[in-house]
Amino acid sequence: LTFPLVSVTLLVSFGSSMLYGYNLAVVNSPAEHIKAFYNATWSQRFGHGLGPAPLTLLYALTVSIFALGGLGGSLLVGVLVERYGRNGALSRSALLVLLAGGFMGFSRELGSPEMVIIGRSITGIHSGGCSLGCAQPLPHGSNLRGFLGLMPSIFICLGVFSAQVLGLPELLGKDRFWPLFLSVVVVPASLQLLLLHCFPESPRYLLIERNDVCGATKALHRFLGSPDVQDVIEEMKEEQRSLSSMEMVSVWQLLRERSVRWQTLSVAVLNAGMQLSGIDAIWFYTNTIFENAGIPVSQIPYTTMGTGAIEVVAGLIGCFTIERVGRRPLIITGFCAMGVCSAGITISLLLQAALPWMRYVSVVCVVGIIAGFCMGPAGVPFLMTAELFMQSHRPAAYIVGGSLNWLCNFTIGLIFPFLQMSAGAFCYLVFCGVCLLVALYVYLVIPETKNKSFMEISHIFA
């Protein structure tokens, strides 16, 4: 590891993955304040307030519209990266965050709930583009792919934790501060915009997409800090030569191509399972879950912050162990832990009337779900999407995986409040089933990809 390589990874993750995590959790603590604003605005406009069901639906739309924006961003990222390069695409997407921050920051002053929803959708567009951009192969040898590939997942956890800390009543958790709380996203975006131009473009993009061997060599010298980068250049040239007679595969072609059907199915299972595991329900509605579990209202913000600290530690464990234990053990263990803890939440909610101490079991299970997710499922699906396909198939695979990821994110964000109202404690059994099935699929189908080149991984599936 070299300072420039770590620096650019940290910078990209800080302005991209951290914002993604922040936007997942930022709507949790000010939920009641935002609902009160919606209700008051509606009353001013129409002379009557919103009923519980319409208000819940409007707020669920505010939460989940972020994912629809993410879907749009994930579909645009390929065009932006091809035209402007990875650095150029990230810089331009950072401008969207500044626009979104303005919408959300001035929404209450202008009495416009629509501005909150529009701002949330714009931040989603940014996160959709950047989450896939960050997951693209970074300029390093295969022995570092896992470590740096999981770096964004740590920043997702840091983003969630930042939102939980800033949402404390002593900071931005008060009613008058929620517009500022939502618009804090402009700070990391601005820093990324200012500093990203200090680093060269991705060597893989320069050589494979632009055929700029000199530029790729210079970038590798800068990132790897070594005069001998010929092995890495040769690996990329080998991939470029194999692509010279190939055309980039479309999504439709990818779905129909029998030689990669198991890779495609694996990407679909991992990305859909990542969101249908229930992690977004935990992040979006943590306070509501703890309130239903019987945790005193005054203790909920601090309990939530404690879960955030644990998820950061879990993310660090995953990042520093992935090259030692491999991808499969982390993702299988993570999904199994999430499944067991989801069932544990159901059991604790059913028994807490008779056994008051079961409320603390609920807290432990929520922590277990988050820790299990951050150790593997948070970052490994994006990493494996890059590792399972050659360059000709990778953009289409990202579109398939990203689309499923964001659609499932939107679905959970929108329906979870109503699922919780209708199914009660049993709603978590749905997530339990999803997690255990994904873990079983990975165990039976997906091979280990640690320290293997893209060609080797492709041959394993073939």
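Here is a short chat between two people about the predicted model above.

Colleague: Before we dig in, what is the mean pLDDT of the chain?
Modeller: This is a predicted model, where local features need pLDDT of at least 70, side-chain atom pairs count only at pLDDT 80 or more, and totals for chains, interfaces and linings use all residues. Residues are numbered from 1 along each chain as its sequence is written, and side-chain values use heavy atoms, with hydrogens and water left out. pLDDT is the predictor's confidence in each residue, from 0 to 100. With 93% of residues at 70 or more, the chain's mean pLDDT is 83.

Colleague: Which helix has the lowest mean pLDDT among the elements?
Modeller: Helices here are DSSP runs (H or I, at least four residues), as strands are (E, at least two), numbered from the N terminus. At the high end sits α8 (residues 178-183) with a mean of 94. At the low end, with 58, is α6 (residues 145-149).

Colleague: And over which residues does pLDDT stay under 50?
Modeller: The model still has 30 contacts there beyond four places in sequence, a contact being heavy atoms within 4.5 Å. The stretch is residues 134-142.

Colleague: How are the two domains bounded, and how big is the area buried between them?
Modeller: The bounds, from an automatic or database domain assignment, are 1-199 for domain 1 and 250-461 for domain 2. Their C-alpha centres lie 20 Å apart, and 51 residues of domain 1 are in contact with 53 of domain 2. Buried area is the accessible area (1.4 Å probe) that two parts lose on being put together, summed over both. Carbon and sulfur atoms give 72% of it, and the total is about 4,200 Å².

Colleague: Which helix gives the most to the side of domain 1 that touches domain 2?
Modeller: Helices α2 (17-25), α4 (52-105), α5 (113-135), α6 and α7 (151-166) each supply at least two residues of that side of domain 1. The top contributor, with 16 residues, is α4.

Colleague: Is T304 buried or exposed?
Modeller: T304 lies in helix α17 (residues 300-325) and touches N28, Q164, T286, N287 and F290, leaving out residues up to four places away in sequence. Buried means under 20% relative accessible area, exposed over 50%, partly exposed in between (1.4 Å probe, protein chains only). T304 has 2% relative accessibility, so it counts as buried.

Colleague: How many residues of helix α20 are buried?
Modeller: Helix α20 covers residues 380-387, and its buried residues include F382, L383 and E387. The helix is largely enclosed by the rest of the structure, because the buried count is eight of the eight.
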